[in-house]
Amino acid sequence: MCDGQIDPILQEPLRLRVCGLLRGAVEVEFRALIDTLNVPAGPLLTAVKALVDAQYVGASGAALDQVSDGRKAVWLRLTPVGRTGFDHQVEALRRTARSAF
């Protein structure tokens with residue numbers, strides 16, 4: 001989102017955290033996200049699916065529906081759309097914070 005507005009996709013805090021973690025990496029395995037973000041698999045999977053549907057995150061390896069058993073690896077990466085969306089979201093949040101003071 002380029003117009004300085006808050007991105008509705010990234011307004012949900014867990015989605016923003018996922019993108020923030022992926023922003024500094026080439027790829028991250030789903031189980032590593034669980035450990036790093038210290039969140040249960042269910043809510044994380046819901047957030048990741050929303051990001052994949054919005055084309056902010058790409059996935060490779062097993063299907064997302066197969067990660068719950070812990071035996072299948074799913075690798076996640078921020079797409080160019082996601083990278084741009086995340087960067088614009090951070091800037092919009094910075095502007096909002098600056099204008100509050």
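In this predicted model, helix H1 and helix H3 (residues 41–53) pack at an angle of about 75 degrees, and their axes lie 9 Å apart. That angle makes H1 roughly perpendicular to H3, because angles from 65 to 115 degrees are counted in that class. On the H1 side, the contact is made by Leu 14, Arg 15, Val 18 and Cys 19. H3 contributes Pro 43, Leu 44, Ala 47, Val 48, Ala 50 and Leu 51. By type, the residues of this contact divide into 9 nonpolar, no polar and 1 charged.

These two helices belong to a protein chain with 4 helices and 3 strands. Along the sequence, the elements follow the pattern α-β-α-α-β-β-α. The chain has 101 residues, and buried residues make up 34% of them. Of the contacts with a separation of 6 or more, 55% are accounted for by residues 24 or more positions apart.

Helix H2 comes next. Which residues of helix H2 (residues 30–37) are buried? They are Phe 30, Leu 33, Ile 34 and Leu 37. These residues lie on the same side of H2, because they cover an arc of only 100 degrees around the axis. Asp 35 and Thr 36, on the other side of H2, are exposed. The buried residues of H2 pack against H1, strand E1 (28–29), H3 and E3.

Strand E1 contains Val 28. Is Val 28 buried or exposed? Its relative accessible area is 11%, so Val 28 is buried, the cut-off for that class being under 20%. Apart from neighbours within four places in sequence, Val 28 is in contact with Leu 21, Leu 22, Leu 33, Val 74, Trp 75 and Leu 76. One of these partners, Leu 33, is also among the buried residues of H2. Another is Val 74; 46 residues separate Val 28 and Val 74 along the chain, while their C-alpha atoms are separated by 8.4 Å.

Two loop residues have a backbone feature to point out. Asn 38, in the loop between H2 and H3, has a positive phi of about 55 degrees although it is not a glycine. With a relative accessibility of 69%, Asn 38 counts as exposed. Gln 55 is located in the loop between H3 and strand E2 (57–61). Its phi is also positive, near 65 degrees, and Gln 55 is likewise a residue other than glycine. At 55% relative accessibility, Gln 55 counts as exposed, since the cut-off for that class is over 50%.

Helix H4 covers residues 80–99, which is 20 residues. From its first C-alpha to its last, H4 reaches 29 Å, close to the 28 Å expected at 1.5 Å a residue. The buried residues of H4 are Gly 82, Gly 85, Phe 86, Gln 89 and Ala 92. Why do they count as being on the same side of H4? The reason is that they cover an arc of only 130 degrees around the axis. On the other side of H4, the exposed residues are Pro 80, Arg 98 and Ser 99. The buried residues of H4 pack against helix H1 (13–23) and strand E3 (74–78). H1 and E3 also appear among the elements that the buried residues of H2 pack against.

Definitions and conventions
Residues numbered from 1 in each chain as written. Predicted model: local features only at pLDDT ≥ 70, side-chain atom pairs only at ≥ 80, totals over all residues. Heavy atoms only, no water. Expected span 1.5 Å × (residues − 1). Buried < 20%, exposed > 50% of the residue type's maximum accessible area, 1.4 Å probe, protein only. Arc of directions from axis to C-beta. Contact = heavy atoms within 4.5 Å. Axes fitted to C-alpha atoms, helices over the stretch in contact; angles between N-to-C directions. Parallel < 35°, antiparallel > 145°, perpendicular 65-115°, else oblique. Nonpolar A, V, L, I, M, F, W, Y, C, P; charged D, E, K, R; others polar.
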